[in-house]
Amino acid sequence: MDKDELDKSIVLCRACDLAVRKRALPTGVRALCPRCHTNLYDTPYCSINGMLALCLTALFLYFPANFYPVLELHFLGSVRTTTIIEGAMSVADQGYWIVGIAVLTAAVIAPGLLIASVLAQILIVKYQLNNPFFRDIYKRLLRYHGLLSQLTMLEIYMISIFVSVFQLSDYTDLYFGIGTFCFSVLFVMVIFLQREYDIEHMWSVLDEQ
Amino acid sequence: MNSKKAAVQGQSLGLTCCQTCQNLCPSTDECCNRCGQRIAARDVTSLQKSWALLITAAILLFPANLYPITIMTSQGQVRRDTIFSGINHLIQLDLLPIAIILFTASILVPMLKIVGLGIYLMAISYELPISKKKLMAGFHIIEWIGRWSMLDLFVISITAALVNMGQLLDAKPAPAATAFALVILLTQLAAKVLDTRLLWDRLESKDDRN
């Protein structure tokens with residue numbers, strides 16, 4: 001009755017609780033809250049198959065990006081390499097385990113979980129949405145998506161690699177490895193994946209059934 | 001719905017936006033009917049939590065800036081750098097762009113974040129007459145830029161892992177690193193737990209236009 005009618009036409013701003021009447025948007029346009037300019041909704045270009053492709057590519061790149069060194073240092077004939085995980089561990093070994101955990105979470109764990117979570121969501125939407133067990137898992141994944149997305153800081157790590165290169169190039173020679181390449185491509189894939197992904201669209205899939 | 005004529009809030013309509021999935025729910029419900037998470041018209045306790053986190057972060061900002069954050073050994077000479085002296089050193093080495101990036105990420109952003117959130121929380125707690133639009137714009141900027149402080153920690157972890165050649169050339173993190181990591185974590189949490197809808201309720205009666 002009354003409630004059903006409201007459900008379709010009104011959207012509440014999550015930041016200031018303003019009631020805004022929903023309107024159809026042309027593609028590529030976002031609706032902002034007229035009062036506080038928070039993003040209300042946009043026209044999702046949320047293609048499941050496109051995301052699946054990005055997701056699989058990201059998954060394949062995830063392992064070489066994490067197991068091959070991202071930077072190589074040559075100093076008086078000796079070579080030092082580091083992967084992201086080794087970087088986190090070396091800080092943790094010095095007793096700064098909070099820093100180590102922060103680095104590990106933001107650059108390794110969160111991106112991995114994000115990719116796995118989106119992949120699982122896509123597979124559930126494609127094949128298993130009517131199964132109550134998978135429906136429950138799907139809801140759980142959607143709930144944590146915002147958090148994972150926020151914790152993923154690949155773009156910041158990318159910049160950090162360049163900053164370190166400039167800082168250290170004063171003392172020694174630095175080289176990029178295959179890991180750097182894989183990491184850069186992984187970063188691009190995840191950026192596009194996050195652009196393509198629309199949480200509201202993923203939630204609305206549940207309503208359609 | 002024109003915002004200038006009448007700003008109708010969900011609360012007066014008896015509706016609540018689920019903070020997890022942004023589904024529209026009747027305020028009388030306990031849980032969202034789509035995602036099953038608990039819903040609340042307003043989370044008043046979030047203001048206290050946010051204050052607590054912010055004050056802790058502000059205290060930790062001192063050790064983060066006063067203690068050395070890296071210990072660099074170069075040919076037997078040991079240098080302990082705080083965040084600021086490290087940036088100073090970069091300027092002396094003519095690496096101005098890098099210095100600017102690091103200055104923004106590790107000094108400017110944390111300070112602005114703490115001051116900005118402080119003003120924001122005070123505006124809610126003490127109903128300060130500050131334009132809500134400006135406050136909210138500031139809040140969005142804080143939310144977005146806050147994570148970039150992680151840059152410094154990433155750089156430290158990369159350097160510490162690569163540069164370990166004993167007396168010749170060696171880089172190690174120092175105590176301020178932990179304090180700095182906690183400052184980032186706590187300020188991000190303070191912004192995240194806060195229910196921003198509180199701001200728009202409190203000042204509504206005083207100046208409608210802002």
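In the predicted model, residues 1-5 of chain B have pLDDT under 50 throughout, and this stretch makes 7 contacts beyond four places in sequence. Over the whole of chain B the mean pLDDT is 85, with 92% of the residues scoring at least 70. Among the elements of chain B, the lowest mean pLDDT, 78, belongs to helix α1 (residues 10-13), while the highest, 94, belongs to helix α2 (residues 45-66). For the model, the ipTM is 0.86 and the pTM is 0.87.

The contact between the chains draws on 56 residues from chain A and 56 residues from chain B. On the side of chain A that touches chain B, the most is given by helix α6 (residues 154-168) of chain A, which supplies 10 residues. By residue class, this side of chain A comprises 34 nonpolar, 9 polar and 13 charged residues.

Chain A is assigned two domains, domain 1 spanning 2-42 and domain 2 spanning 48-208. A distance of 31 Å separates the C-alpha centres of domain 1 and domain 2 of chain A.

Helix α2 of chain A (residues 48-67) consists of 20 residues. From first to last C-alpha, α2(A) reaches 29 Å, close to the 28 Å expected at 1.5 Å a residue. A bend of about 30° occurs in α2(A) at A:L61, and a proline, A:P64, follows within four residues. The residue at the bend, A:L61, is buried, as are A:M51, A:L54, A:C55, A:A58, A:Y62 and A:A65 of α2(A). The cover over the buried residues of α2(A) includes α4 (97-128) and α7 (178-196) of chain A.

Notes
Residues are numbered from 1 along each chain as its sequence is written. Chains are lettered from A and ligands numbered from 1 in the order in which they are written. This is a predicted model: local features need pLDDT of at least 70, side-chain atom pairs count only at pLDDT 80 or more; totals for chains, interfaces and linings use all residues. Domain bounds come from an automatic or database domain assignment. Helices (H or I, at least four residues) and strands (E, at least two) are DSSP runs, numbered from the N terminus. The expected span of a helix is 1.5 Å times one less than its number of residues. The bend at a residue is the angle between axes fitted to the seven residues ending there and the seven starting there. A residue is buried if 20 or more other C-beta atoms lie within 10 Å of its own, exposed if 12 or fewer, and partly exposed in between; C-beta atoms are placed from the backbone. Two residues are in contact if their C-beta atoms, placed from the backbone, lie within 7 Å. Ala, Val, Leu, Ile, Met, Phe, Trp, Tyr, Cys and Pro count as nonpolar, Asp, Glu, Lys and Arg as charged, and the others, Gly among them, as polar. pLDDT is the predictor's confidence in each residue, from 0 to 100.
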